[in-house]
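Let's take a friendly walk through the charged side chains of this protein and see who pairs with whom. Have the structure open as you read.

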Amino acid sequence: MPFQPIEPRRLYRQIADQIRLLIQGGEFPVGARLPPERDLAIKLGVSRPSVREALIALEVEGLVEVRMGSGIYVHSSHAADSVVAESPLETIRARQLVEGELAAQAAELAQPAQVAGLREALHAMQTEAAAGQIPIQGDRLFHLRIAEISNNSVLLRVVGDLFDERHNPLSVKLGDYFENPSSWKAAISEHGLVVDAIAAGDAARAREAMRHHLSCSHDRLTANWAPAPDKVKT
């Protein structure tokens, strides 16, 4: 038998694999409610956000069903193909490191026309949100324009690739549960603080504003399950 490539196993996948085996082994029959995230995290010796990602992966596979405000229930013992995607929360933490420094550099290098371009992207987000849409296009443009100020094509590509992980199935499903008009209003306000710091030429404040924004994004995706508020239109 030929050698097979070894794939690094993401933490959420290891957690999902354990829960899947318990479901398929009858430990949690169809219709049963799984233990709360916090209890699972303690039993498995991992963080609650990692458990959150594992449960979302199992929902995408069709094994469990998330009932906001009630819990996670076993939907089926037969899964579709396993989800293999980058961890949304690890991606956000990576963006904090990269984009915090890019924002600081932008504060030192940005020309008036580039600051105007950032305000234009922010306005695009506001316009999309006001129309009841998810302001993803303006959001992407905003982050790419900050990266463009570095005049480094590699960093520009990295920022674009990291942002586009928002479209992987785990990120999309998390967004379905935790992104809403209120969360986007907060995010747009956070973007405004980044622009103001860059326009003022304050590198330290720009770095902190970007890191704070992405930290808030992380927190929004790991909030407690609750009945879903009204969604923006896609």
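The paragraphs below follow a few salt bridges and the surroundings of their partners.

Please keep in mind that this is a predicted model. Counting with a cut-off of 4 Å between a side-chain nitrogen of Lys or Arg and a carboxyl oxygen of Asp or Glu, one arrives at 17 salt bridges.

A good place to begin is the pair E61 and R13, whose side chains form a salt bridge with N and O 3.2 Å apart. E61 belongs to helix α3 (residues 48–61) and R13 to helix α1 (residues 11–24), so this contact ties together parts that lie 48 residues apart in sequence. Are these two partners buried or exposed? E61 is buried, at a relative accessible area of 3%, and R13 counts as buried too, at 8%.

Stay in helix α1 for the next pair. Here D17 makes a salt bridge with R20, and their closest N and O atoms are 2.7 Å apart. The two residues sit three positions apart in the helix, which means that about one helical turn separates them. R20 is buried as well, with a relative accessible area of 10%.

Now move along the chain to R211 and E101, a salt bridge with its closest N and O atoms 3.0 Å apart. R211 is in helix α10 (residues 203–221) and E101 in helix α4 (residues 88–109), so the pair links parts 110 residues apart in sequence. Both partners are partly exposed: R211 has a relative accessible area of 30%, and E101 has 37%.

Finally, return to the pairs we visited earlier. Through salt bridges that share partners, R13, D17, R20 and E61 are joined into one network.

Notes: Residues are numbered from 1 along each chain as its sequence is written. This is a predicted model: local features need pLDDT of at least 70, side-chain atom pairs count only at pLDDT 80 or more; totals for chains, interfaces and linings use all residues. Side-chain values use heavy atoms; hydrogens and water are left out. Helices (H or I, at least four residues) and strands (E, at least two) are DSSP runs, numbered from the N terminus. Buried means under 20% relative accessible area, exposed over 50%, partly exposed in between (1.4 Å probe, protein chains only).
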